[in-house]
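Here is a short tour of a two-chain contact and of the sheets in one of the chains. Have a look at the model before reading on.

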Amino acid sequence: MGTSGRVLSVDGLDSLIRSISAEGYRVLGPSVVDDLIRITDISGVADLPAGVGDVQTAGKYAIRQRSDGALFGFATPADTWKKYMFPPRVRLQSIAVPDGDEVVEHPPQDDRPVALLGVRACDLAALRTHDRVLLDRVPDTDYAARRTGALLIAVDCHTPADSCFCASMTTGPTVREENAADLILTELLDEHRFLVRSGTEQGAALLEGLATTEATDEDTRAAAIQEQAATDALTKSLDTTGLADLLKQERNNPIWKQVAETCLSCGNCTMMCPTCFCVSVEDEADALAGRDDRVRRWSSCFELDYSYLHGGSIRESIPSRYRQWLSHKFSTWWDQFDTSGCIGCGRCVTWCPVGIDVTESCKTIQEHQGQGLM
Amino acid sequence: MAIMSETLTSAMTPVMHRVISNVSETADTATLTFEPLNDGLPKGEWGQFNMIWAEGIGEAPISFSRVPVDNTVVHTIRAVGSVTKALCALRPGEYVGLRGPFGAGWPIQAARGHDIVLVAGGIGLAPLRPVVHEILENREDYDKVTLVIGARTAHDIPFLDEVHRWRTGGLLKVRITVDQDCSHWNGNVGIVTNELHRVVIDDPGSVAMICGPEIMMRFVCKQLEDSGFARDNILVTMERNMRCGLGLCGHCQLGAKFICTDGPVMNWVDAGPLIGVREL
């Protein structure tokens, strides 16, 4: 693939958005909605959050004005791409009742291919993780239909937030795998422009159709300096050495009670996590229509019902639910999918209403290893 | 009868069946036999389970209490939650949806040539019943066979007529104990492990298969281990909140295991360390 860089102007980015829209893509990207940077439909550069950054720390999120006109001057959107690839609610079947003589399976409702614009390196890792979970074993046909046609336009992160720890999880802030996205952009701010490289043949073809100039040594140097600055700006870190084994070994450690002491079991972390995949299928009976819809919705290991077993729940206490969440992300996910369940985007840290920080939780377990039984 | 199969994972679509009989086993347990409206499901094996859908309510994972011999499917269900209560109340002619078969079952045929100890607690006899059937059908392939049944009271023993036939048939040793005595019970009173103590184990390749409450399985497995069973010859069938049957929905996780695909039958090497952790 054409990895030698090209330079694209801001106007060029606008042309890119317009041309892929014209090709029939639904373009999704960041935009300011209700004082949040959310992922929404984008029709041009004007929709992007120009000069808007974010402040994200444990339990806090705010947008802020930047002194420059950066279009991607934030860390992560207050949304996940999961919302579009693996929607919160999918109708699986409609079954005619009472005798089920007609069972209709529902295909994905929006068959327009999507283009995801502004995907961070951490979120690309999240998509790869979801691919392993949802495609590599029993293929989830709904996810496959949405995912396989999706065009990925990544943008390197130049302004990580306090919640971020992508470097510790080796996922960011810069896109490393050259084929991880169709196009990979680096936003350069001194003279506003984008360094572009293609990761796939489709990306290369798109790049071909755009007015670009060849990247100079100065462009490449500016990108390298920015990359280093972004990495240096990451204040949060986690030593994952031996962590997967440790979390299993310390299942009975009473420290879990302290770690989860303030957890409300609200499930925000799991809703904001780009890799959480748990679902429940529920019946929605329509007696007048003589029909029963089976609907799949996102579920959470923080729901009491999640571990329901004949008349009660396995995980009645909140610490046991927090232990399930944290252990799954950093430990048992490796056994199940040979990769980490955490990609270090920090959304769970930001969106926890009481500001629980998973990296701090892991550190507490590391510090208290081998201490007693729960 | 139009069945339109388009794009979604067919494994998530219930296959409609009609109830052909509902036989009460105990006060809260019934054995239901289903037949498919059209094409049935692939045949299940010992220890595997189906997801049974009660229209408008939801699904519950239920193991086979008889390995299918024709296109009918037999499940024994204890009415505990909203789905199982609805299923137990079904009358012949009514409908359910089935998905399956799912999971890893009992590796019974690998135990041929050896002594076998089966331990069932209450409704735990249901997933072991097909194992007894297999042994009785091929009796000469197995060595000494003992079935230990524990129940709360004599009224809580399912398949009572059949158990009596097994007991008097002489082909396997059946030991029964109940937690609570009642007026017409002449048998043993006490916990299952007391009964198990009386089972003489002299084959180092003996295989044990256990199904019952986790607390019972823990003590039984510990005792079997102490009496010389190899840990990987001790098999238990685990239960968690199996919802999809495919390892996709996450609900049935026990440590790194998805009970619906890695289990429900697991050996004690894998299950032992997990069962011991509270609220895992």
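Two strands pair if DSSP finds at least two bridges between them. With that in hand, Thr31(B) can be placed: Thr31(B) stands opposite Thr76(B) in β6(B). Strands here are DSSP runs of E with at least two residues, helices are runs of H or I with at least four residues, and both are numbered from the N terminus.

A word on ground rules. This is a predicted model, where local features need pLDDT of at least 70 and side-chain atom pairs count only at pLDDT 80 or more, while totals for chains, interfaces and linings use all residues. Residues are numbered from 1 along each chain as its sequence is written, chains are lettered from A and ligands numbered from 1 in the order in which they are written, and side-chain values use heavy atoms, with hydrogens and water left out.

Back to the strands. In chain B, six strands form a closed barrel in the order β2-β3-β6-β5-β4-β7, with antiparallel pairing. Ignoring direction, neighbouring strands of this sheet are turned by 45° against each other on average. Within the barrel, β3 (residues 29-36) and β6 (residues 73-78) of chain B run antiparallel and are joined by six bridges.

Chain B also has an open sheet of seven strands, β11-β10-β9-β8-β12-β13-β16, with mixed pairing. β11 (188-189) and β16 (265-267) of chain B stand at the edges with a single partner strand each, so one side of each has no neighbour in the sheet. β8 (residues 116-121) and β12 (residues 207-211) of chain B pair in the parallel sense over five bridges, and Ile116(B) stands opposite Val207(B) in β12(B).

Helices pack on this open sheet, touching strands through contact (heavy atoms within 4.5 Å). The angles run from 0 to 180 degrees between N-to-C directions, using lines fitted to C-alpha atoms, for helices over the stretch in contact.

| Helix | Strands touched | Angle |
|---|---|---|
| α3(B) (residues 160-169) | β9(B), β10(B) | about 130° with β10(B) |
| α7(B) (residues 268-275) | β13(B), β16(B) | about 95° with β16(B) |

Now, how do the chains meet? The contact takes 45 residues from chain B and 54 residues from chain A. About 4,300 Å² is buried between them, 53% of it from carbon and sulfur atoms; buried area is the accessible area (1.4 Å probe) that two parts lose on being put together, summed over both. There is one salt bridge between chain B and chain A, a side-chain nitrogen of Lys or Arg within 4 Å of a carboxyl oxygen of Asp or Glu. The side chains of Glu59(B) and Arg294(A) meet in a salt bridge at 3.2 Å, N to O.
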